Amino acid sequence: MSTAKKLNPRSFPRPPLCERTPRHLQVVWNGTVIADTKEAYWVLETHHPPTYYLPPSSLNIPLAKSAHSSYCEWKGMATYHNLANPAKPSELIKNRIWSY
């Protein structure tokens, strides 16, 4: 049985908390590591699950800027990116990666 305290998004702060995480994060897609970092941040925002932000230097695949954008009252304007599936380059994944 785990003794780790469960996170409750309803108790996260407003405005959001942005802090460096000590975790080593890897993003693996179809068996390929597409991002790897020990320099990530996470954002804790009321009623939202924790969101990890990785530095652009952690990405092992190219991104293409999308025409899509959105606005967050705390973080500002978001730019979205598209990426090709490393296992099937003809498959384009749209708007799943964003940056501020």
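The exercises below, each with a worked solution, concern a predicted model.

**Exercise 1. The sheet of S6, S7 and S8**

Determine in which order the strands S6, S7 and S8 are arranged in their sheet, and which strands stand at the edges.

Solution. Begin with the pairings: six bridges join S6 to S7, and these two strands run antiparallel, while strand S7, residues 76–85, pairs with S8 in the antiparallel sense, also over six bridges. The resulting open sheet of three strands has the order S6-S7-S8. Strand S6 (64–72) and strand S8 (88–99) each have a single partner strand and therefore stand at the edges, with one side of each left without a neighbour in the sheet. As for the geometry, neighbouring strands of this sheet are turned by 25° against each other on average, direction ignored.

To place individual residues in this arrangement, note that Ser69 has Thr79, in S7, as its bridge partner, and that Leu83 has Ile93, in S8, as its bridge partner. The connection between S6 and S7 is a hairpin with three residues between the two strands.

**Exercise 2. Ala67 in strand S6**

Decide whether Ala67 is buried or exposed, and find how far its C-alpha atom is from that of Thr79.

Solution. Ala67 lies in strand S6, and its relative accessibility is 83%, so that, with the threshold for exposure set at over 50%, Ala67 counts as exposed. Although Ala67 and Thr79 are 12 residues apart along the chain, their C-alpha atoms are separated by 8.1 Å.

**Exercise 3. The sheet of S1, S4 and S5**

Work out which strands of the second three-stranded sheet, built from S1, S4 and S5, are left with one side without a neighbour.

Solution. This open sheet has the order S1-S4-S5, with antiparallel pairing. Because S1 and strand S5 (51–53) each have a single partner strand, they stand at the edges, and one side of each is left without a neighbour in the sheet. The twist averages 25° from one strand to the next. Within the sheet, strand S4, residues 41–44, is joined to S5 by three bridges, the two running antiparallel, and Val43 finds its bridge partner in Thr51 of S5.

**Exercise 4. Thr21 and the nonpolar core**

Establish whether Thr21 is buried or exposed, and identify which residues make up the largest nonpolar core.

Solution. Thr21 lies in the loop between strand S1 (17–20) and strand S2 (25–29). Its relative accessible area is 5%, and since this falls under the 20% limit, Thr21 is buried. Leaving aside neighbours within four places in sequence, Thr21 is in contact with Lys38, Ala40, Tyr41 and Tyr52.

The largest nonpolar core, in turn, has five residues, namely Trp29, Ile34, Ile61, Leu83 and Ile93. If residues up to four places away in sequence are not counted, Ile34 touches several residues, including the core members Trp29, Ile61 and Leu83, and also, among others, Val27, Ser58 and Pro86.

**Exercise 5. The cysteines Cys18 and Cys72**

Find how many disulfides the structure holds, and explain why Cys18 and Cys72 do not form one.

Solution. The structure holds zero disulfides. For Cys18 the nearest cysteine sulfur is that of Cys72, which is 11 Å away; because a disulfide requires the two sulfur atoms to be within 2.5 Å, this pair does not qualify. The reverse view agrees, in that the nearest cysteine sulfur to Cys72 is that of Cys18, at 11 Å. As to their surroundings, Cys18 counts as exposed at 52% relative accessibility, whereas Cys72 is buried, with a relative accessible area of 14%.

Notes
Residues numbered from 1 in each chain as written. Predicted model: local features only at pLDDT ≥ 70, side-chain atom pairs only at ≥ 80, totals over all residues. Heavy atoms only, no water. Pairing = 2+ DSSP bridges. Helix = DSSP H or I, 4+ residues; strand = E, 2+ residues; numbered from the N terminus. Axes fitted to C-alpha atoms, helices over the stretch in contact; angles between N-to-C directions. Buried < 20%, exposed > 50% of the residue type's maximum accessible area, 1.4 Å probe, protein only. Contact = heavy atoms within 4.5 Å. Core = buried A, V, L, I, M, F, W, Y, C linked by side-chain atoms within 4.5 Å.
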